[in-house]
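Biologist: Could you take a close look at a single part of this protein for me? I'd like to hear how one helix sits among its surroundings.

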Amino acid sequence: MALVLFFLFLVLPIAELYVIIQVGQAIGIVPTLLLLILDGIAGAALARWQGRAAWERFNRALTAGRVPAKETFDGAMIILGGALLLAPGFITDFIGFALLIPPTRALLRGVVARLARRRVSFAVFGAAPRPRAGSGPGPGPRPGGSARGYDYEGSAREVTDDRELEVGERRE
């Protein structure tokens, strides 16, 4: 996570400045500024259009009674793409536009789904340590020496006074 933050807050802005300076030297400062403004306006329009379409697909999925997983992912990527287009720079604009175009979102969705499946399968089938008996919550003796078990039959009753406790019970 620290590496991601390092990249986002230090490396990416330096790279953005470098690219803006290089483009400015190649085509001039005024065309560079106009290009940055133009791609911001075009990106905002594309984000609004794609956002509406994703919202409609989300509502259709809910109406059809299915979980809108794909639509939720698309909506999140559209929001992220729109936010990247607000940041001045060509690198973030390129990534933002890529997130707003449906085919690249579909590719990213596939990659994220594979990564999630791999992570879940590792968590399920991996060598995760199992808790030892009596080391965590559950029936049986607890590490503090308390042998109180759990009531699985649902015959609990509310105790309002210590005098109502049966012999052997104690209030914790």
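Modeller: Here is a walk along helix α1, then out to what surrounds it.

Keep in mind that this is a predicted model. Mean pLDDT for the protein comes out at 81, with 71% of its residues at 70 or more. Confidence is highest in α4, at 93, and lowest in helix α5 (residues 102-125), at a mean of 83. As a general habit, where pLDDT is low, don't read the predicted coordinates in detail.

Now to α1 itself. The helix covers residues 2-27, so to speak 26 residues' worth, and spans 36 Å from its first C-alpha to its last, close to the 38 Å expected at 1.5 Å a residue. There is a kink in α1, though: about 35°, at Val 11, shortly before the proline Pro 13. At the other end, α1 is followed by Gly 28, and the phi of that glycine is positive, near 105°.

Which residues of α1 are buried? Leu 12, Glu 16 and Gly 24 are. As for what covers the buried residues of α1, the list includes α2 (29-64) and α4 (90-100).

Take the α2 side. The two helices, α1 and α2, pack with their axes 7 Å apart, at an angle of about 125°. That angle is why α1 counts as oblique to α2. On the α1 side the contact is made by Ile 20, Val 23, Gly 24 and Ile 27, while α2 brings in Ile 29, Pro 31, Thr 32 and Leu 36. Gly 24 therefore turns up twice, once among the buried residues of α1 and once in the contact with α2, if you read "buried" as under 20% relative accessible area.

One more residue belongs in this picture: Gly 89, in the loop between α3 (69-86) and α4. Gly 89 is buried, with a relative accessible area of 0%. What does Gly 89 contact, leaving aside its neighbours within four places in sequence? Glu 16, Ile 20 and Leu 36. Of these, Glu 16 is one of the buried residues of α1, and Ile 20 and Leu 36 both take part in the contact between α1 and α2. Along the chain, Gly 89 and Leu 17 are 72 residues apart, yet their C-alpha atoms are separated by 7.4 Å.

On the far side of that loop from α4 comes α3. This helix has 18 residues and reaches 26 Å between its first and last C-alpha, close to the 26 Å expected at 1.5 Å a residue. Its buried residues include Phe 73, Asp 74, Met 77 and Ile 78, along with the glycines Gly 75, Gly 81 and Gly 82.

Definitions and conventions: Residues are numbered from 1 along each chain as its sequence is written. This is a predicted model: local features need pLDDT of at least 70, side-chain atom pairs count only at pLDDT 80 or more; totals for chains, interfaces and linings use all residues. Side-chain values use heavy atoms; hydrogens and water are left out. Helices (H or I, at least four residues) and strands (E, at least two) are DSSP runs, numbered from the N terminus. The expected span of a helix is 1.5 Å times one less than its number of residues. The bend at a residue is the angle between axes fitted to the seven residues ending there and the seven starting there. Buried means under 20% relative accessible area, exposed over 50%, partly exposed in between (1.4 Å probe, protein chains only). Contact means heavy atoms within 4.5 Å. pLDDT is the predictor's confidence in each residue, from 0 to 100. Axes are lines fitted to C-alpha atoms, for helices over the stretch in contact, and angles run from 0 to 180 degrees between N-to-C directions. Angles under 35 degrees count as roughly parallel, over 145 as roughly antiparallel, 65 to 115 as roughly perpendicular and the rest as oblique.
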